[in-house]
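Okay, everyone, thanks for coming. Let me put the structure up on the screen, and then we'll walk through it together.

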Amino acid sequence: TQGVSSAASDVYKRQLHIIPTGRMLKMIHRLSELLTQYFMKYGQATDKAEVYIYGIECFISEFIGNLLLLIVAILWHQISAMIIWTLSFLLIRTQLGGFHCKTHFSCLCLSTSIGIFSLLINRFWLYHPSFCIPTYIACLFMIYHFAPIKHPNHPLSANQIQHARAKCLRNFFVLSVLSVILYLCHLPYYSSICSGIISSCILALMSLSLIHISEPTRHAQIS
């Protein structure tokens, strides 16, 4: 439960805690409340109840999304590709940051859609591996200049920004070298790494676009 508290407390600050609507989302919320009450009753919860509820909701939503991706990967015979894509995506996403949905349902839909789309475009990288080079260059440019993506509800110090950027660049170079090795060994899994990197950068680009759009509006409201 300490891991749930630490992760959820960090994410909880970044997003609006919206009570879910819809039968399925209400069930997830109610289950999260019951689990939180259990943890607090036996003294295993040390943070605010809202943080635990939010963390458990995130865990359940992620579990459902990953289960859907696993089912699709099994049907398409791409289990290994899905696992490699997930690891590559998370290694970049956790340090780069990017777009965050306001509700668990929209987050579930977005993450599942991106995963399925990535599995679909894996064949593109297999048939056109030369496109991986400009893609990696573009992703490197984004990571070097924008990582980590700023979030108004979760400000970072200069040291934290520098540390997150260094870790993101390190993860990027490790994944890039690994994809080159896989390509030279004629193993198709380099395409999953490429899809994972570009998926995380797409979310970052979405966040940057929203920030660019919202800034003039915010300044206009202030003036």
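Let's start with some rings: Phe 124, Trp 125 and Phe 131 are linked into a cluster by ring pairs. Before I go on, remember that what you're looking at is a predicted model. Inside that cluster, how are the rings of Phe 124 and Phe 131 set relative to each other? They make a tilted aromatic pair, with 5.5 Å centre to centre and 50 degrees between the planes. As for how covered they are, Phe 124 is partly exposed at 37% relative accessibility, and Phe 131 is partly exposed too, at 43%.

In total, we count 6 aromatic pairs. Another one of them is Trp 85 with Phe 89, where the ring centres are 5.1 Å apart and the planes sit at 20 degrees, so this pair is stacked. If you're new to this, a pair of aromatic rings is described by the distance of the centres and the angle of the planes. Where do Trp 85 and Phe 89 sit along the chain? Both are in helix 4, 4 residues apart, which is about one turn of the helix. Trp 85 is buried, at 5% relative accessibility, and Phe 89 is buried as well, at 13%.

Okay, let's zoom out. The protein has 8 helices and 0 strands, so if you read the elements from the N terminus, you just get α-α-α-α-α-α-α-α. It has 223 residues, and 37% of them are buried. Now take the contacts with a separation of 6 or more: 77% of those are between residues 24 or more positions apart. The accessible surface comes to about 13,400 Å², and 70% of that belongs to carbon and sulfur atoms.

What about the inside? The largest nonpolar core has 23 residues, and the ones with the most contacts inside it are Ile 92, Leu 96, Ile 143, Phe 172 and Ile 197. Which helices supply at least two residues each to this core? Those are helix 4, helix 5, helix 6, helix 7 and helix 8. Helix 8 gives the most, with 7 residues. Let's pick out Ile 92: skipping its neighbours within four places in sequence, Ile 92 has contacts that include Ile 143, Phe 172, Leu 175 and Ile 197. There's also a second, separate core of 10 residues, and among them are Leu 69, Val 72, Ala 81 and Leu 203.

Next, cysteines. How many disulfides does the structure hold? The count is 0. Why is Cys 132 not bonded to Cys 194? The Cys 194 sulfur is the closest cysteine sulfur to that of Cys 132, but at 3.7 Å it is too far for a bond, because a disulfide needs the two sulfur atoms within 2.5 Å. Cys 139 isn't in a disulfide either, and its nearest cysteine sulfur, in Cys 201, is 3.5 Å away. Cys 132 is buried at 8% relative accessibility, and Cys 139 is buried at 4%.

Last stop: charges. We count 1 salt bridge. The partners are the side chains of Glu 33 and Arg 30, at 3.4 Å from N to O. They're 3 residues apart in helix 2, so about one helical turn separates them. Glu 33 is partly exposed, at 23% relative accessibility, and Arg 30 is partly exposed, at 42%.

That's my tour, so over to you for questions.

Key: Residues numbered from 1 in each chain as written. Predicted model: local features only at pLDDT ≥ 70, side-chain atom pairs only at ≥ 80, totals over all residues. Heavy atoms only, no water. Buried < 20%, exposed > 50% of the residue type's maximum accessible area, 1.4 Å probe, protein only. Core = buried A, V, L, I, M, F, W, Y, C linked by side-chain atoms within 4.5 Å. Contact = heavy atoms within 4.5 Å. Areas by Shrake-Rupley, 256 points an atom, 1.4 Å probe, with all protein chains shown as cover. Salt bridge = Lys/Arg side-chain N within 4 Å of Asp/Glu carboxyl O. Phe/Tyr/Trp six-rings, centres within 6.5 Å; stacked < 30°, edge-to-face > 60°.
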